[in-house]
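Hi there,

I am passing a structure on to you, and I hope you enjoy looking through it. Please open it first, and then read my notes below.

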Amino acid sequence: MVKIYYSKTKEEAGLKAAKSVAATIDAKPTALLGLATGSSPIPMYTELAKMYNEGKLSFKDCVSVNLDEYVGLSPDHDQSYAYFMNDNLFSKIDIDIAKTNLPSGIAPDPVAECERYNALLNTLGPQDVQILGIGHNGHIGFNEPSDRFPQKTELVYLTESTVKANARFFASEKDVPTSALSMGIGQILRAKKIILLANGEAKAEILDKALFGDVTPRVPASILQFADCVEVYADEEALSVIIAKHGENAVIR
Ligand code: GLP
């Protein structure tokens, strides 16, 4: 079941999402956190760091797994997802860095690295909470539109539109990696709770398509309609199409 929570601003959406993550950790201090990168989760990470600073939340017994990593970028590259996680969250909270996990973008054999990550995910068990953003084409993690829903972590090739969308973070478009290792849709769906974050007008159409359109691997996020417990935290702009098409009752205020 998908619950869509309305927020006026992305900061408000981030705060509500952070409270949901905190509730998971309060109930289970050893929680397995499935984490995501991109601009969408940043306000939530800011709130989580604030809760930690105020002594309201500790991550010291949590374990984390991230969704994805670019092939070819080392953790010290400022656009790698390992760098992003350290910068936006891990360095600001008390999580044990040894308990944080991402696929490695510089493993000599990417396919063997996927196998390592799949084995790790099996050992750690289902995520207690999984954070997601959504790409402009409906991707989650780096599961791009295709004719199937990948079950496990795979080496994936990024679509032209994703490379273009992510070029803003690199010196030029040719610097954007064209492949990545991404957790599979099957591994995302087994999470006990999924939190999807979306901000801004540019996400309004795809959010409607994902949450109210056909469930199809052409819109990977649409599979969330079949998940047990999905919480969407989005700002007014990202919800504009949903509210216009499906009315006020489509969202929880
Ligand atoms: C990237 C990431 C996704 C993320 C998406 C949206 O390609 N691999 O995990 O959700 O882009 O990013 P943003 O939140 O910056 O719009």
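Here is what I found, starting with the ligand and ending with the cysteines.

Please keep in mind that this is a predicted model.

**The ligand and its surroundings**

A good place to begin is the ligand, which takes up the space of the largest pocket. There are 13 residues around the ligand, and those that come nearest are Ser39, Ser40, Asp68, Phe142 and Lys203. Sorted by class, this shell has seven polar, three charged and three nonpolar residues.

You can pick out several polar contacts by eye. The side chain of Ser39 places an N or O atom 2.6 Å from an oxygen atom of the ligand. For His139, an N or O atom of the side chain is 3.1 Å from a ligand oxygen. Ile134 takes part through its backbone instead, with an N or O atom 3.5 Å from an oxygen atom of the ligand. How much of the ligand does the protein bury? On its own the ligand exposes 390 Å², and the protein buries 95% of that.

**The cysteines**

A disulfide is a covalent bond that joins the sulfur atoms of two cysteines. The count of disulfides here is zero, with a cut-off of 2.5 Å between the sulfur atoms. Take Cys62: the nearest cysteine sulfur belongs to Cys229 and is 18 Å away, and Cys62 is in no disulfide. Is Cys62 buried or exposed? Cys62 is buried, as its relative accessible area is 0%. Cys114 also counts as buried, at 5% relative accessibility.

Happy exploring, and best wishes!

Notes. Residues are numbered from 1 along each chain as its sequence is written. This is a predicted model: local features need pLDDT of at least 70, side-chain atom pairs count only at pLDDT 80 or more; totals for chains, interfaces and linings use all residues. Side-chain values use heavy atoms; hydrogens and water are left out. A residue is near a molecule or strand if one of its heavy atoms lies within 4 Å of it. A polar contact is a pair of N or O atoms within 3.5 Å; within protein, one must be able to donate a hydrogen and the other to accept it, and residues adjacent in sequence count only if both atoms are side-chain atoms. Accessible areas come from the Shrake-Rupley method with a 1.4 Å probe; for residues, only the protein chains shown count as cover. On a 1 Å grid over the protein atoms alone, a cavity is a set of points where a 1.4 Å probe fits but cannot get out, and a pocket is an open set with protein on both sides within 12 Å along at least five of seven lines; lining residues have an atom within 4 Å of a point. A molecule sits in a cavity or pocket if more than half of its atoms lie within 2 Å of its grid points. Ala, Val, Leu, Ile, Met, Phe, Trp, Tyr, Cys and Pro count as nonpolar, Asp, Glu, Lys and Arg as charged, and the others, Gly among them, as polar. Buried means under 20% relative accessible area, exposed over 50%, partly exposed in between (1.4 Å probe, protein chains only).
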